[in-house]
Amino acid sequence: NHMKSQFTIAAFGLIFDQQNRILLCHRRDYNLWNLPGGTMEAGEAPWETVVRELKEETGLDVEIVRLTGVYNKPEKNELVFSFVCKIKGGELTLNEEADKIEYFDVNKIPANTSPKQIARIHDVLTEKDLVLKNQTGKSSIDLIKEGKL
């Protein structure tokens, strides 16, 4: 009995500055910080998604340094790619999605940051090889709605 599955594929960019701080965007719709990124569009590859989404969400032109993680969210049928990126142009620009864009010390990431994304940031800093993981549990939006984030 094979159910036909619809998957969402998303890609997020990890940009570290010279002080090894991580770039996060604060959403306009929820009081939530997250890594810039988003959902793959038809015909795109995940590495193209991350370049497009980072331009849209931060104003930065980036290039991919390496794929650092592939995360499966089994409850959501969602597959997430994490790429370390480096800035090659553009400038930080607030937009429809982000009302704040800032670098944070990795040990001082705001409490209202997506827990799954915090885990991905730590994976990049602690694992030398590509990380393959299942990520389960509630979404950060659900946690906010429940007053837990």
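These are my notebook entries on what I looked up in this structure, which is a predicted model.

**Entry 1: the pocket**

I started with the largest pocket. Its volume comes out at about 560 Å³. I counted 29 residues in the lining, and Phe12, Arg27, Asn34, Gln117 and Ile141 lie nearest the centre. Which element gives the largest share of the lining? That is H2, with four residues. I also noted the elements that each supply at least two lining residues: strand S1 (8-14), strand S2 (22-27), strand S4 (37-39), helix H2 (115-126) and helix H3 (140-145).

**Entry 2: threonine 8**

Next I went to threonine 8, which sits in strand S1. Its relative accessible area is 31%, so I put it down as partly exposed. Leaving out neighbours within four places in sequence, I found threonine 8 in contact with Thr39, Asn77, Glu78 and Leu79. I also looked up how far threonine 8 is from asparagine 112. The two are 104 residues apart along the chain, and their C-alpha atoms are separated by 24 Å.

**Entry 3: two residues of strand S5**

Strand S5 covers residues 60-73, and leucine 67 is in it. Lysine 73 belongs to strand S5 as well. Is lysine 73 buried or exposed? I have it as buried, because its relative accessible area is 14% and the cut-off for buried is under 20%. Setting aside neighbours within four places in sequence, lysine 73 touches Glu78, Val80, Lys116, Arg120 and Gln135.

Leucine 67 has 31% relative accessibility, so it goes down as partly exposed. I found it in a nonpolar surface patch with Leu130 and Leu132. Together the three leucines have about 280 Å² of accessible area.

**Entry 4: salt bridges**

How many salt bridges does the structure hold? The count is 12. As a reminder to myself, side chains of opposite charge can pair when their charged atoms come close. I looked at three of the pairs in detail.

The first pair I looked up was lysine 86 with glutamate 63, where the closest N and O atoms are 3.3 Å apart. Lysine 86 lies in strand S6 (residues 78-90) and glutamate 63 in strand S5, so this salt bridge ties together parts that are 23 residues apart in sequence. Both ends are partly exposed: lysine 86 has a relative accessible area of 45%, and glutamate 63 has 31%.

Then I turned to arginine 52 and glutamate 53, another salt bridge, with the closest N and O atoms at 3.3 Å. Are these two buried or exposed? Arginine 52 is buried, and glutamate 53 is too.

The last pair on my list was lysine 138 with glutamate 146, and here the closest N and O atoms are 3.2 Å apart. I noted lysine 138 as partly exposed at 45% relative accessible area. Glutamate 146 is also partly exposed, at 37%.

I also checked which residues are linked through shared partners. Salt bridges of that kind join Glu41, Glu44, Arg52, Glu53 and Glu56 into one network.

**Entry 5: aspartate 142**

I then looked at aspartate 142, which is in helix H3. Its relative accessible area is 32%, so I filed it as partly exposed. Along the chain, aspartate 142 and tyrosine 71 are 71 residues apart, and 19 Å separates their C-alpha atoms.

**Entry 6: backbone angles**

I finished with phi angles. Most residues other than glycine have a negative phi. That made me stop at two asparagines.

Where is asparagine 20? I found it in the loop between S1 and S2. Its phi is near 65°, a positive value in a residue other than glycine. Asparagine 20 is partly exposed, with a relative accessible area of 40%.

Asparagine 77 is in the loop between S5 and S6. It is not a glycine, yet its phi is positive, at about 50°. With 27% relative accessibility, asparagine 77 counts as partly exposed. I had already come across asparagine 77 in Entry 2, among the contacts of threonine 8.

Key. Residues numbered from 1 in each chain as written. Predicted model: local features only at pLDDT ≥ 70, side-chain atom pairs only at ≥ 80, totals over all residues. Heavy atoms only, no water. Patch = residues over 30% accessible without salt bridge, like charges linked within 9 Å, V, L, I, M, F, W, Y side chains within 5 Å. Areas by Shrake-Rupley, 256 points an atom, 1.4 Å probe, with all protein chains shown as cover. Salt bridge = Lys/Arg side-chain N within 4 Å of Asp/Glu carboxyl O. Buried < 20%, exposed > 50% of the residue type's maximum accessible area, 1.4 Å probe, protein only. Contact = heavy atoms within 4.5 Å. 1 Å grid on protein atoms, 1.4 Å probe; cavity = no way out; pocket = protein on both sides within 12 Å on 5 of 7 lines; lining within 4 Å. Points joined across faces, edges and corners; volume = space filled by probe spheres on them.
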